[in-house]
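Visitor: I have the sequence and the structure open side by side, and I would like to be led through them. Could we take the contact between the chains and then a single residue?

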There are 2 protein chains.
Amino acid sequence: MAAERMVVVGGDAAGMAAASQARRLKGPDRLEIVAFERTGFTSYSACGIPYWVAGDVSDRDALVARTPHEHAERGIDLRMRTEVTELDVAGRRVRARELETGREYWTGYDKLVLATGASPLRPPLPGIDAPGVHGVQTLDDGQALLDTLARTKGRHAVVVGAGYIGVEMAEALVRHGYEVTVVHRDEQPMSTLDPDMGRLVHEAMTGMGITVVGGQAVTEIRTGEGGRACAVVTRDAAYPADVVVLGIGVRPRTGLARAAGLPLGDSGGLLTDLSMRVRGYEEIWAGGDCVEVLDLVSGRTRHIALGTHANKHGQVIGANAGGDYATFPGVVGTAVSKVCDLEIARTGLREKDAHAVGLRFETVTAQSTSRAGYYPGAEPMTVKMTAERRTGRLLGVQIVGREGAGKRVDVAAVALTAGMTVEQMNALDLGYAPPFSPVWDPVLVAARKAAKQIRTAD
Amino acid sequence: MAAERMVVVGGDAAGMAAASQARRLKGPDRLEIVAFERTGFTSYSACGIPYWVAGDVSDRDALVARTPHEHAERGIDLRMRTEVTELDVAGRRVRARELETGREYWTGYDKLVLATGASPLRPPLPGIDAPGVHGVQTLDDGQALLDTLARTKGRHAVVVGAGYIGVEMAEALVRHGYEVTVVHRDEQPMSTLDPDMGRLVHEAMTGMGITVVGGQAVTEIRTGEGGRACAVVTRDAAYPADVVVLGIGVRPRTGLARAAGLPLGDSGGLLTDLSMRVRGYEEIWAGGDCVEVLDLVSGRTRHIALGTHANKHGQVIGANAGGDYATFPGVVGTAVSKVCDLEIARTGLREKDAHAVGLRFETVTAQSTSRAGYYPGAEPMTVKMTAERRTGRLLGVQIVGREGAGKRVDVAAVALTAGMTVEQMNALDLGYAPPFSPVWDPVLVAARKAAKQIRTAD
């Protein structure tokens, strides 16, 4: 039997995890694997870029989990700086273009993996492409920003957007000695949280000397000497900027899939089944930042660009494409981040998400500490918990605090996955010792309060 | 209607939480509450004593969550330094003795709460009562030890026992500048872990300059000048000791209950139903360190002396005795501790526990790090996971690592409670960002490995 041929489009986490996992299951005599990557990097941690820019990570190469050379050594025919420009589903082939030579060719597949990632939102504003304006999605972006920071003896930095990347980049720029202004459109920063919890982030960032300006859409990047960016302009004001970082978010990079008629969801991400097969296509899988995932709490698909999901998708695709069996059941929407010493975490539904799918709920907010109150380093922490009325089923948790706050969200993530009620959570046997927790863990304090509110609500 | 009368025996966490919760539900006109406490303290954190001795907590009073005066102000008739010496179940009364005056009296109850706690194991060895030999169960114990440490210009300290208290006290004595030897009977320290994980604790403690001697039962505390302890003697050796700390463990203090014929389990703890009512007694509740709790994983009752359980028991008892409804469904056996910068955690069954209840299982051990490998402060961590054969149901997790290791056990505690399989855990949506976790959380690394082993085991 001739070897089957698997083509992977995209050489970052999802694509190369799929290739590696398939290779583990089937040797080159049974499965030929060809992978295309537009950039010069494979399998790198985009999530690590803010920490590299901040100086926490000294070396760009530390962010690369596996180099092209290492993949090639494992019997993957990796074609770097080669873009896939067309997908012919009927003909089971893709058209590739070598970016350096311009050479184009068609190549066939038996199995196809789409792992084309996401592209940064880059609104078509005047000045958006000026020197001094930086995205932070790729290693090249990170290097360009570091070069600008090394070259510019600037004082003012403006970050556009106040999501995860925005707040992480604010910290990075503070560490470079800049006066940092974060300009964003929403009521509060971190719109992945409810506004009341976002307000706590706003207050903490202000306390760190970061200026946070909400409710303002950017209308222009003003340029000055040499055409370089010099200010970020909104309808209300202009914020001087020696350097501008865009952290507005990303969208699935699915032009190829769209042109080929593959099914896309409301956010523009590919729709797959639980085995990460593109719906309706037996021989095409998709994973990572280019797909929508099932939100197990709302029952809807969402686009979430996150390296941990991409890696899991890749594993699942590789297992299935390699003849084994695996599924990705979905997510509960867990995310954690930090800005300086502030930890921010969330899982499940925000209030508006719950409204949007017709859920009635109760919310509580509980203050607690990371350790026993008398133990050194006990830090205050706010836990917001949302539970469905009548059933008491947990719907979401948001946490804002200092050291020891963020990863506590994992307890809620598991409880959400298991469909627990807040009454059940109240009895959870969580680790207790004074250096690790008060006698009632902060998550339990919130669960107890939520359970009481549910009981008395109706 | 005349007020009902609730008598509480024991004024620490369980007893006073019960009293407070009942008082919240019923005012003094409807429920009279009388509480007896042998010592001079109420509602204190015994778990905090090692940290007070270590100097992390400067003030004994910080360990007292609520003073006798505060309880009295809330309408609880609190009788300090008064011991309950007899329980007359048929006559619904207890006999109390004022320790200072010697006065004795009977007093009746409609509802009785037994929260008599645990007493330290104190084997009847020669020298065990000598000056310089200290337990650390009560605030008085802690003060006596601190007095000894202040008075003695000693060099050698010996801790007998290598469980939670033993290793915490080893750290405390290191902090006081002592050369510390921990002498214990088991193969490895921390016998609440499997020996292979205990070995990691042993190695780490050795690396901290603590001498850990296993497999040795103490036969004598040798005394010297002035009758003071001067060495801890085993069959094999004598370990010089200017101060000796006993951390051998505790047993339920249930003499009163035993004499009254109440039902006790194999460990000597009171047996209750899910509402914390003593089995077979409608008007008697029991909670805290004097009861056995249902282990949800093994299906058996166990004795676990832990403040977090005691507080929950008290809440449940107070709710039920106050006319509301609550249950304590059981535990999964979660515990976390630290010795210097080493974090130690466990939940669920050890291998020998699983054997003892007839379970067949697979175990895996996974190495990982607390943060993304490239992020500063990423610390190595070992996660051991045990899952049932065939079903793949999680049975237990043990973690030994540094900062960021211990509380990760909570994920496993929730998964155990929910009855998850390791295959289900493998897909958990845990918080990921480089400062918080590698792209595969250490618990997921272990779950993935365990799931694979379960699949290939049969």
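**The contact between the chains**

Guide: In this predicted model, polar contacts link chain A and chain B through 22 residue pairs, with both partners at pLDDT 80 or more. The side of chain A that touches chain B is made up of 30 nonpolar, 16 polar and 11 charged residues. Elements of chain A that give two or more residues to that side are α8 (307-321), β21 (335-339), α10 (409-417) and α12 (442-457).

Visitor: How many salt bridges are counted between chain A and chain B?

Guide: Among the links between the chains is a pairing of the side chains of Lys407(A) and Asp441(B), which meet in a salt bridge at 2.7 Å, N to O. For a salt bridge the cut-off is 4 Å between the side-chain nitrogen and the carboxyl oxygen. The count between chain A and chain B is two salt bridges.

Visitor: What area do chain A and chain B bury between them?

Guide: The contact draws on 57 residues from chain A and 57 residues from chain B. In chain A, the residues that lose the most area to chain B are Tyr374(A), Asp429(A) and Phe436(A), together 17% of what that side buries. Carbon and sulfur atoms carry 66% of the buried area, and the area that the two chains bury between them is about 4700 Å².

Visitor: Which kind of axis relates chain A to chain B?

Guide: Two copies of a chain are related by a rotation about an axis and a shift along it. Here a rotation of 180° with 0.0 Å of shift along its axis superposes chain A on chain B, with an RMSD of 0.0 Å. The surface used is the same for both copies, since 100% of the contact residues of chain A recur in chain B. The rotation and shift are therefore the relation of a two-fold axis.

Visitor: Which residue of chain A comes closest to the rotation axis?

Guide: The distance to the axis is taken at the C-alpha, and the closest approach by a residue of chain A is 2.7 Å. The residue at that distance is Val411(A).

Visitor: Is Leu342(B) buried or exposed?

Guide: Leu342(B) lies in strand β22 (residues 342-348) of chain B. Beyond its neighbours within four places in sequence, Leu342(B) is in contact with Val201(B), Ala204(B), Met208(B), Ser337(B), Val400(B), Gly401(B) and Arg402(B). Because the relative accessibility of Leu342(B) is 3%, and the cut-off for that class is under 20%, Leu342(B) counts as buried.

Definitions and conventions: Residues numbered from 1 in each chain as written. Chains lettered and ligands numbered in written order. Predicted model: local features only at pLDDT ≥ 70, side-chain atom pairs only at ≥ 80, totals over all residues. Heavy atoms only, no water. Contact = heavy atoms within 4.5 Å. Buried area = accessible area lost by both parts, 1.4 Å probe. Polar contact = N/O pair within 3.5 Å; in protein donor to acceptor, adjacent residues only side chain to side chain. Helix = DSSP H or I, 4+ residues; strand = E, 2+ residues; numbered from the N terminus. Nonpolar A, V, L, I, M, F, W, Y, C, P; charged D, E, K, R; others polar. Least-squares fit on C-alpha atoms with pLDDT ≥ 70 in both. Buried < 20%, exposed > 50% of the residue type's maximum accessible area, 1.4 Å probe, protein only.
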